[in-house]
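Biologist: I would like to learn how to read a model like this one. Could we take the features one at a time?

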Amino acid sequence: EVSPTNIKGMPVFHNNRVYVAAGGDIWWGKHQAWLFCIDATKTGDVTDSALLWRYDLSRHCCSTPSIGEGLLFIADCGGLVHCLDADTGKAHWTGDTGGEIWACTMLADGKVYIGTRRGDFFIFAASKDKKLLAQVKLDSGTASTPIAANGTLYVATMHKLYAIQNGAQLRQ
């Protein structure tokens with residue numbers, strides 16, 4: 001209300017909709033933020049006509065949404081991972097990581113991957129039901145989004161780059 005409002009994550013275009021997290025400010029202490037779903041087929045001044053739904057985030061947000069199989073995943077800086085219905089904005093679950101998240105969720109192979117600035121890395125099932133598949137302690141915090149390529153998951157922390165190959169055993 002007294003500081004700037006930010007859009008730090010990238011908007012995502014999917015099925016003629018734009019999904020974008022806005023509000024909050026890490027540096028000014030403004031915590032209130034939202035995830036918006038906007039109808040991209042509207043034209044002209046769409047201020048009042050294009051908003052399909054809005055979801056309140058618990059804190060400011062640096063994350064870009066991940067969308068797949070009708071589900072949307074986004075993390076907020078308060079350490080929560082949110083799973084929503086991409087069409088309606090209805091919340092299915094929220095997972096608390098216990099640490100600030102400045103990165104984006106990454107959706108691949110039926111899983112949602114996210115790291116925290118505390119150095120914890122989480123793998124959730126990409127489903128309507130919350131299921132934590134693994135939690136791994138890294139050497140240091142991360143503010144980057146994991147990347148998957150050619151059967152390998154890459155996770156960059158403040159000090160190392162991890163490459164986890166498909167089929168590797170992760171400890172919980």
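**Strands, cysteines and salt bridges**

Modeller: Start with one pair of residues: Tyr19 stands opposite Cys37 in S3. Keep in mind that this is a predicted model.

Biologist: Which strands pair here, and in which sense?

Modeller: Strand S2 (residues 17-25) and strand S3 (residues 30-39) pair in the antiparallel sense, over eight bridges.

Biologist: And how many bridges join S3 and strand S4?

Modeller: There are six bridges between S3 and S4 (residues 51-57), and this pairing is also antiparallel. One facing pair is Ile38 and Leu51, with Leu51 in S4.

Biologist: Now the cysteines. How many disulfides does a search of the whole structure find?

Modeller: A disulfide is a covalent bond between the sulfur atoms of two cysteines. The search of the whole structure finds zero.

Biologist: Why does Cys62 have no such bond with Cys77?

Modeller: The cut-off for a disulfide is 2.5 Å between the sulfur atoms. The closest cysteine sulfur to that of Cys62 belongs to Cys77 and is 3.6 Å away, so the two are too far apart for a bond. Cys62 is buried, with a relative accessible area of 12%.

Biologist: What is the nearest cysteine sulfur to Cys83?

Modeller: That of Cys37, 15 Å away, and Cys83 is in no disulfide. Cys83 is buried too, at a relative accessible area of 0%.

Biologist: Let us turn to charges. How many salt bridges does the structure hold?

Modeller: The structure holds six. One of them joins Asp87 and Arg17, whose closest N and O atoms are 4.0 Å apart. Asp87 lies in the loop between strand S7 (80-85) and strand S8 (91-96), while Arg17 is in strand S2, so the pair ties together parts that are 70 residues apart in sequence.

Biologist: Are these two partners buried or exposed?

Modeller: Asp87 is partly exposed, with a relative accessible area of 48%. Arg17 counts as buried at 18%, because the limit for buried is under 20%.

Biologist: Which residue meets Lys111 in a salt bridge?

Modeller: Asp109 does, with an N to O distance of 3.2 Å. Lys111 counts as partly exposed at 24% relative accessibility, whereas Asp109 is exposed at 63%.

Biologist: Which residues are linked in a network of salt bridges?

Modeller: Arg118, Asp120 and Lys137 are linked in this way. The side chains of Arg118 and Asp120 meet at 3.0 Å, N to O. Arg118 is partly exposed, with a relative accessible area of 49%, and Asp120 counts as buried at 4%.

Definitions and conventions. Residues numbered from 1 in each chain as written. Predicted model: local features only at pLDDT ≥ 70, side-chain atom pairs only at ≥ 80, totals over all residues. Heavy atoms only, no water. Buried < 20%, exposed > 50% of the residue type's maximum accessible area, 1.4 Å probe, protein only. Pairing = 2+ DSSP bridges. Helix = DSSP H or I, 4+ residues; strand = E, 2+ residues; numbered from the N terminus.
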